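Me: I would like to learn how to read a few features of a protein model. Could you take me through them one at a time?

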Amino acid sequence: MPSFDTDCSNEVERILASDLPDLDKLTQAFDCITAFVVGHAQAEIELARALQDHEELLKTQIKKETMAYARSIFEHCYRHVTGRRLWHETA
């Protein structure tokens, strides 16, 4: 898993320090971190394609899809708990 950049870390800290309800903090922090991981994986996929590194490409595509699946599970649970939809995945 990539180390988080300063912007992502700062955003999570800002979310956790906010006056939001705990469910909203959890949701926003999870979204921030997992969106960062998916974006980082997409950049790694593009690099692996450019380098024609098929092994790294497959490994990174699996990582990206696994994270997208985890996001969909969280979204499904959130929708059942709150009756609201969170985000729309474009995996």
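Reply: We will go through aromatic rings, a helix, cysteines and a core, keeping in mind that this is a predicted model.

Me: Let's start with the rings. How many aromatic pairs does the structure hold?

Reply: A pair of aromatic rings is described by the distance of the centres and the angle of the planes. This structure holds 1 aromatic pair. Its partners are Phe30 and Phe74, whose ring centres are 4.5 Å apart with 15° between the planes, and the pair is stacked.

Me: Where along the chain do Phe30 and Phe74 sit?

Reply: They are 44 residues apart, so the pair links distant parts of the chain. Phe30 lies in helix H2 (residues 22-50), and Phe74 lies in helix H3 (residues 54-82).

Me: Is Phe74 buried or exposed?

Reply: Phe74 is buried, with a relative accessible area of 18%. Its partner Phe30 is partly exposed, at 22%. The cut-off for buried is under 20%, which is why the two get separate labels.

Me: What span does H3 reach from its first C-alpha to its last?

Reply: H3 has 29 residues and reaches 41 Å, close to the 42 Å expected at 1.5 Å a residue. After H3 comes Gly83, with a positive phi near 80°.

Me: Which helix do the buried residues of H3 pack against?

Reply: They pack against H2. Among these buried residues are Leu57, Met67, Ala68, Phe74 and Tyr78, and also Lys64, Arg71 and Glu75.

Me: Now the cysteines. How many disulfides does the count come to?

Reply: A disulfide is a covalent bond between the sulfur atoms of two cysteines. Here the count comes to 0 disulfides. Take Cys32: the closest cysteine sulfur is in Cys8, 3.6 Å away, and that is too far for a bond because the sulfurs would have to be within 2.5 Å. Cys32 is buried, with a relative accessible area of 17%, whereas Cys77 is partly exposed, at 42%.

Me: Which residues make up the largest nonpolar core?

Reply: That core has 9 residues: Cys8, Val12, Ile15, Ala29, Cys32, Phe36, Val37, Val38 and Met67. Helix H1 (6-17) and H2 each supply at least two of them, and the largest share, 5 residues, comes from H2.

Me: Could we zoom in on one member? Leaving aside neighbours within four places in sequence, which residues is Ala29 in contact with?

Reply: With that exclusion, the contacts of Ala29 are Val12, Ile15 and Leu16. Val12 and Ile15 are also listed in the largest nonpolar core, together with Ala29.

Notes: Residues numbered from 1 in each chain as written. Predicted model: local features only at pLDDT ≥ 70, side-chain atom pairs only at ≥ 80, totals over all residues. Heavy atoms only, no water. Phe/Tyr/Trp six-rings, centres within 6.5 Å; stacked < 30°, edge-to-face > 60°. Helix = DSSP H or I, 4+ residues; strand = E, 2+ residues; numbered from the N terminus. Buried < 20%, exposed > 50% of the residue type's maximum accessible area, 1.4 Å probe, protein only. Expected span 1.5 Å × (residues − 1). Contact = heavy atoms within 4.5 Å. Core = buried A, V, L, I, M, F, W, Y, C linked by side-chain atoms within 4.5 Å.
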